[in-house]
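User: Please take a close look at the part of this model where aromatic rings and packed helices come together. I would like one connected account that sets this part against the rest of the chain.

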Amino acid sequence: MNKKSKKELLKQIMDEVVNNYDYSQTLDLPIEQLTGVEDQVPTKGIRSLSEMAEYIDNFYSDNLFGFDKMKKPYPEIVDQELQFVDELFDDPIINSLLAPEGYSAPHRDIQPFQLFRMELLKIIKYPEISYRKFCTNEYFGRERKQNRRFIRLPLNIKDQVHHTELCHFRASLSFKQLMNILVYILHHFYQSGYLENTVVHGVDSTELPSETNYPLCTVEIKGKKIRIYSDPDCDCGKRRKKRDKSYYVIGYRLHTLTAMNPSTGHSFPLVSIVGAANHHDSLFLTPLIKLAQALGIDMKLITADQAYHDGDGSILEETGVYVIAPPSETAVLPDNVLESPVRVTCNDLCEIPMKILGSSQSGHEFKCGADPCECIFESTCAKSRTIAFDTGYFQPMPAFHNSSQQAIDIRKNCERPFNLMKKREGLEQTRVRSQHGVVVRSTFTTIATLLIEMAGKRHKFKKKDNGQKELFTATG
């Protein structure tokens, strides 16, 4: 069957599905299913940070010795980053978190913790190469003792892992296993001291292009054209205008929750959700917050861009987390509200600014700010007013507060982890297919980024003062 006939057959099948599908059923579907992230929601078995700490403390309660720790450090591992990671990892614990149901260690030549170490080794040291090239003698021959020792391969034989085994490993991991191994790393990250007691969280997204360039076929549903690609999970969406890239992108969008240290401005990725590129960012904020809360991440305030506005206060009511974003240019000021600075008055004739009392489900409540006998409308004025939530200055957390302005100013720091994950850790070329593959790859990249930051071997030192410049200053 040639390529053209395959497309015609696929189009015929899709036409039959479209004509026989009851679209009224989609109105009652939850947002996670409509956006394709129903497999990335909190499920039974995912441990929180406190539960992971208890699990680690009690893991060796029945054992007298940890034989793997007694052998460390290994002299073959000379790279400082790999030394740090090797010292940090507890292989039996990692094995217990990643092992499939019915796992039996004696019947396996390669253990799950070895495949996990191999994935991280590629991301940390060889992000630019393919998996096929990575699993060769060039990187795992007998002379490559550091790499073999890091993933616990014997040094006296030539056996190594085939790239298809890594592919099967990624495909076999469930979302519960991914989140548990992520929480294991987050547990060590929070203990490392990189975050202070006061942490500002942020949410941002970035596109992950797929290698699929052309759709297999296009079907029309109620006058709207729907494209079908060889990777059925991805789709065509828009990105920010960039000089060297197209305005449209085919692939996925990665929505990431980051933690920012206000004193240093450094930001670190915590957890992500992957969706098709054609969905709006605002649809993923609530699922991402719920997932982070299930992992035990304590959030009070999230700063984000305008795409994540909580214009009606529904996110605050559902999750208890405030979301602050720059005021939208399209938001209309309510009546009797002056801008620059924001001042609220009772009516058209009153010029005395009102004072904000607080917020309720209906909006922000204001009271009269006049002193006794100061207002001539005192006898006829209601002296109170409620302004509904919007995407402008009157968000659930008002944008004109000083703390809100500080959170908005630090918002741009959310973009730093994306630059590291895509450029330094090689996530810009995902090299995997399907949404599940991208979820696994992005989770491993988040883990690698946190490990690199904890190792602290890539920080730039401050440059010394230029003596020649001082000389020219002194001589005039």
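Analyst: One aromatic cluster is formed by Phe89, Phe116, Phe169 and Phe444, where rings of Phe, Tyr and Trp (its six-membered ring) pair if their centres lie within 6.5 Å, with planes under 30 degrees apart counted as stacked, over 60 as edge-to-face and the rest as tilted. The model is predicted, with local features requiring pLDDT of at least 70 and side-chain atom pairs counting only at pLDDT 80 or more, while totals for chains, interfaces and linings use all residues. Residues are numbered from 1 along each chain as its sequence is written, and side-chain values use heavy atoms, leaving out hydrogens and water.

Two of these four residues, Phe169 and Phe444, also take part in a helix packing, since Phe169, Arg170 and Ala171 in α11 meet His436, Val440 and Phe444 in α17, contact being heavy atoms within 4.5 Å. By class, the residues of this contact are four nonpolar, one polar and one charged (Ala, Val, Leu, Ile, Met, Phe, Trp, Tyr, Cys and Pro count as nonpolar, Asp, Glu, Lys and Arg as charged, and the others, Gly among them, as polar). The axis of helix α11 (residues 163-172) and that of α17 come within 9 Å and cross at roughly 100°; axes are lines fitted to C-alpha atoms, for helices over the stretch in contact, and angles run from 0 to 180 degrees between N-to-C directions. The two helices, α11 and α17, are therefore roughly perpendicular to each other (65 to 115 degrees, with under 35 counted as roughly parallel, over 145 as roughly antiparallel and the rest as oblique).

Helix α17 (residues 435-455) also packs against helix α5 (residues 80-88), the axes coming within 9 Å and crossing at roughly 110°, which makes α5 roughly perpendicular to α17. On the α5 side the residues are Glu81, Phe84, Val85 and Leu88, and these meet Leu451, Ile452, Met454 and Ala455 of α17. This contact of α5 with α17 consists of seven nonpolar, no polar and one charged residues.

Thr446 is also placed in helix α17, and at 3% relative accessibility Thr446 counts as buried (under 20% relative accessible area, with exposed over 50% and partly exposed in between, for a 1.4 Å probe and protein chains only). Once neighbours within four places in sequence are set aside, Thr446 is in contact with Leu182, Pro269, Leu270, Ser272 and Met421.

The aromatic side of the picture extends beyond the cluster, as a search of the whole structure finds 16 aromatic pairs. One of them joins Tyr126 and Tyr139, whose ring centres are 4.8 Å apart with planes at 65°, so this pair is edge-to-face. The pair links distant parts of the chain, 13 residues apart, with Tyr126 in the loop between α7 (112-125) and α8 (131-134) and Tyr139 in helix α9 (residues 137-140). Both residues count as buried, Tyr126 at 14% relative accessibility and Tyr139 at 7%. Rings also lie under charged side chains: Arg117 is over the face of Phe150, at 5.1 Å from the ring centre, and Lys122 is over the face of Tyr131, at 4.8 Å from the ring centre; for this, NZ of Lys or CZ of Arg must be within 6 Å of the ring centre and within 35 degrees of the ring normal.

Elsewhere in the chain, seven of the ten residues of helix α13 (residues 285-294) are buried, so α13 is largely enclosed by the rest of the structure. The buried residues of α13 are Leu285, Thr286, Pro287, Leu288, Ile289, Leu291 and Ala292, and the helix is followed by Gly296, whose phi is positive, near 90°. Glu351, by contrast, is exposed, with a relative accessible area of 72%, and lies in the loop between β10 (343-344) and β11 (355-360). Between these cases stands Pro209 in strand β1 (residues 200-209), which is partly exposed at 29%. Leaving aside neighbours within four places in sequence, the contacts of Pro209 include Val249, Ile250, Glu428 and Thr430.

For the protein as a whole, the secondary structure comes to 18 helices and 13 strands, which are DSSP runs (helices H or I of at least four residues, strands E of at least two) numbered from the N terminus. Buried residues make up 45% of the 476 residues, and among contacts between residues at least 6 apart in sequence, 66% join residues at least 24 apart.
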